[in-house]
Amino acid sequence: SILPGMRRLVNTILRSLPGLKDAVIMSCFLLGVFGILGLHFFGGIMHRRCRLTPQPLHFTPFATQPGCRGWCFDDQSDVQISIAGGHRAMLSSSVVFDTFCRPVPACMAAYETGADYYAWPLDPLQERFC
């Protein structure tokens with residue numbers, strides 16, 4: 001053997017493994033418990049926020065075109081959206097646009113270039129779970 005102490009060291013480690021069984025089991029158990037608790041307490045802080053609408057708002061200059069999918073809004077027309085129970089409602093697109101798109105620079109930039117922009121309004125009073 002090139003390293004005479006290496007064999008003795010490896011044998012010592014291998015013989016100590018059965019004695020470490022209880023410590024490894026306890027460590028895995030605690031890791032699992034604290035992992036579950038962490039997911040329960042902190043999971044979804046950023047994603048499970050209360051949404052104000054059941055689907056995202058779609059801001060596009062072509063809101064009145066037949067091919068527009070979802071709730072489409074522009075800065076001038078009245079649009080008809082479907083709501084719960086199969087009912088339909090008329091909304092002034094400019095009010096929705098001024099409230100949710102105009103204050104956001106990325107939305108305005110996309111709108112001015114003719115690109116689509118999606119926004120899903122959150123309830124600012126609800127910081128955690130719905």
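Here are two short exercises on a predicted model, each with a worked solution.

**Exercise 1.** Find out where alanine 119 sits, whether to call it buried or exposed, and which residues it touches.

*Solution.*
- Start with the place: alanine 119 belongs to strand 5, which covers residues 117–119.
- Next, check the surface. The relative accessible area of alanine 119 is 15%. Buried means under 20%, so alanine 119 counts as buried.
- Now look for contacts, skipping neighbours within four places in sequence. That leaves Pro56, Leu57 and Phe59 touching alanine 119.
- Take phenylalanine 59 from that list. Along the chain, alanine 119 and phenylalanine 59 are 60 residues apart, yet their C-alpha atoms are separated by 7.9 Å.

**Exercise 2.** Work out how the rings of phenylalanine 59 and phenylalanine 97 are arranged, then do the job again for phenylalanine 97 and tyrosine 111.

*Solution.*
- For a pair of aromatic rings, you want the distance of the centres and the angle of the planes.
- The model has three aromatic pairs. In one of them, phenylalanine 59 and phenylalanine 97 lie 5.9 Å centre to centre with 75 degrees between the planes, an edge-to-face pair.
- This pair links strand 1 (residues 57–59), home of phenylalanine 59, to helix 3 (residues 93–100), home of phenylalanine 97.
- On to phenylalanine 97 and tyrosine 111: the centres are 4.7 Å apart and the planes stand at 55 degrees, so this pair is tilted.
- Here helix 3 is linked with helix 4 (residues 105–112), where tyrosine 111 sits, 14 residues from phenylalanine 97.
- Phenylalanine 97 and tyrosine 111 are both buried, and phenylalanine 59 is buried too.
- Put it together: Phe59, Phe97 and Tyr111 are among the members of one aromatic cluster, which also includes Phe73.

Methods: Residues numbered from 1 in each chain as written. Predicted model: local features only at pLDDT ≥ 70, side-chain atom pairs only at ≥ 80, totals over all residues. Heavy atoms only, no water. Helix = DSSP H or I, 4+ residues; strand = E, 2+ residues; numbered from the N terminus. Buried < 20%, exposed > 50% of the residue type's maximum accessible area, 1.4 Å probe, protein only. Contact = heavy atoms within 4.5 Å. Phe/Tyr/Trp six-rings, centres within 6.5 Å; stacked < 30°, edge-to-face > 60°.
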